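These are my notebook entries on one protein model. I went through the structure region by region and wrote down what I looked up.

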Amino acid sequence: MTATTDTRIAALRNDPALSLLHRSLDVYYGDPERDARMDAFYSRFVGSGDLVFDIGSHVGDHIASFRRLGARVVAVEPQPLCLRVLRAIYADDDQVTVVDAACGALPGRTRLHVNSANPTVSTASPDFVRAAKGAGGWEGEVWDTDIEVPVVTVDALIETYGVPTFTKIDVEGFEDEVLAGLSRPLPALSFEFTTIARAVADRCLDRLTALGFDGFDVAVGDDKSMTFRRWMPATDLATHLHELPHAANSGDVYCVSGIQAAHTES
């Protein structure tokens, strides 16, 4: 991070109006070792001059990694407090475009269920909220506010900004709806899965296979370490996700299309 960025993040951490995001800022910024691991991991997908879509940006730590790798970033985020943080941190960076919207199957508007105490798990999926109720590891999570937000499709983002080299999707159980708004294969993307919503991952894998994605692997938790270190068929990856214990909680499935899937992961 630059000195200016450090100063801005410090100011955000001290802003009482952003108190609900102070924990996220503490967790996701200011850890050089975590930053280095992220950069090393994403360097297999992202290089200088590439375009990246970050769908579900939260407070933007992934934007920071993609920018360190030299990519242009389109950051899609519907939460007002998160948008305020993103616009403050990246105010002078003309290689970051912040889009005030959720991503979904069709353009329009949707209800976002906001978890005020833990905004990172806010979601546009009522099914996700129901699945979390009473689930182990989700005790105490409350989605206490609903707001109406605009919806943009991935296809519309591509039409406006171009074809991304890599797309990160992290939208708390709404990933299948995001992929329903994509009608073409991309070089590579990731989507979050959770063990309380395994059917969402199944639908994502089905959609991606239909679009022409042919290689899959998974990183569990925030470890940023591939499980198999080779590209697997979607059916094998689906079996693995269903065999994970509930306590695994979440992770990210990585997907590639075309010739990339023929190569062994590094």
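**Entry 1: strands 1 and 2**

I looked up strand 2 (residues 72–77) and found that 5 of its 6 residues are buried, so I noted the strand as mostly covered. I work here with a predicted model. I next asked in which sense strand 1 and strand 2 pair, parallel or antiparallel. Strand 1 (residues 51–55) and strand 2 pair in the parallel sense, over 5 bridges. Within this pairing, Phe-53 stands opposite Val-74 in strand 2.

**Entry 2: Thr-167**

Phe-53 appeared again when I looked up the contacts of Thr-167. Thr-167 is found in strand 7. Is Thr-167 buried or exposed? With a relative accessible area of 1%, Thr-167 is buried, because the cut-off for buried is under 20%. Leaving aside residues up to four places away in sequence, Thr-167 touches Phe-53, Ile-55, Leu-186, Ala-188, Leu-189 and Ser-190.

**Entry 3: the nonpolar cores**

Ile-55 led me to the largest nonpolar core, which has 53 residues. I asked which residues touch the most other members of this core. They are Ile-55, Leu-157, Phe-191, Leu-205, Phe-216, Leu-241 and Val-253. Helix 9 (residues 198–211) gives the largest share of this core, 6 residues. Another core, of 33 residues, lies apart from it, and its members include Val-59, Cys-82, Ala-219 and Tyr-254.

I then took Leu-241 by itself. Not counting residues up to four places away in sequence, Leu-241 touches Phe-193, Arg-198, Ala-201, Leu-205, Val-218 and Val-253.

**Entry 4: helix 9**

I turned to helix 9, which has 14 residues. From its first C-alpha to its last, helix 9 reaches 20 Å, close to the 20 Å expected at 1.5 Å a residue. Which residues of helix 9 are buried? I listed Arg-198, Val-200, Ala-201, Cys-204, Leu-205, Leu-208 and Leu-211. Seen down the axis of helix 9, these buried residues fall within an arc of 150°, so they line one face of the helix. I recalled the general rule: an α-helix has 3.6 residues a turn, so residues three or four places apart point the same way.

On the other side of helix 9, Asp-206 and Ala-210 are exposed. I also looked up what covers the buried residues of helix 9, and the cover includes helix 8 (175–180), strand 8 (188–194), strand 9, helix 10 and strand 10 (250–257). Just after helix 9 comes Gly-212, which takes a positive phi of about 110°.

**Entry 5: positive phi outside glycine**

Most residues other than glycine have a negative phi. I therefore looked for residues that depart from this general rule. Glu-172 has a phi near 55°, a positive value in a residue other than glycine. Glu-172 sits in the loop between strand 7 (166–169) and helix 8. With a relative accessible area of 5%, Glu-172 is buried.

Lys-224 is not a glycine, yet has a positive phi of about 50°. Lys-224 lies in the loop between strand 9 and helix 10. At a relative accessible area of 12%, Lys-224 counts as buried.

**Entry 6: Pro-233**

Pro-233 lies in the loop between strand 9 (213–220) and helix 10 (234–243). I asked whether Pro-233 is buried, partly exposed or exposed. Its relative accessibility is 40%, so Pro-233 counts as partly exposed. I also compared its place with that of Val-74: the two are 159 residues apart in sequence, and their C-alpha atoms are 29 Å apart in space.

**Entry 7: the sheet of strands 4, 5 and 6**

I looked up an open sheet of 3 strands, which has the order 4-6-5 and mixed pairing. Its edge strands are strand 4 (102–103) and strand 5 (108–114), each of which pairs on one side only. Strand 5 and strand 6 (residues 145–152) pair in the antiparallel sense over 7 bridges. Thr-110 has Val-149 of strand 6 as its bridge partner.

**Entry 8: the whole protein**

I closed with the protein overall. The secondary structure comes to 10 helices and 10 strands. What share of the 266 residues is buried? Buried residues make up 53%. Of the contacts with a separation of 6 or more, 67% join residues 24 or more positions apart.

The C-alpha trace spans about 50 × 45 × 35 Å along its principal axes. The radius of gyration is 17 Å, which agrees with the value near 18 Å that a compact globule of 266 residues would have.

Notes. Residues numbered from 1 in each chain as written. Predicted model: local features only at pLDDT ≥ 70, side-chain atom pairs only at ≥ 80, totals over all residues. Heavy atoms only, no water. Core = buried A, V, L, I, M, F, W, Y, C linked by side-chain atoms within 4.5 Å. Buried < 20%, exposed > 50% of the residue type's maximum accessible area, 1.4 Å probe, protein only. Helix = DSSP H or I, 4+ residues; strand = E, 2+ residues; numbered from the N terminus. Contact = heavy atoms within 4.5 Å. Pairing = 2+ DSSP bridges. Expected span 1.5 Å × (residues − 1). Arc of directions from axis to C-beta. Rg over C-alpha atoms; globule rule 2.2 N^0.38 Å.
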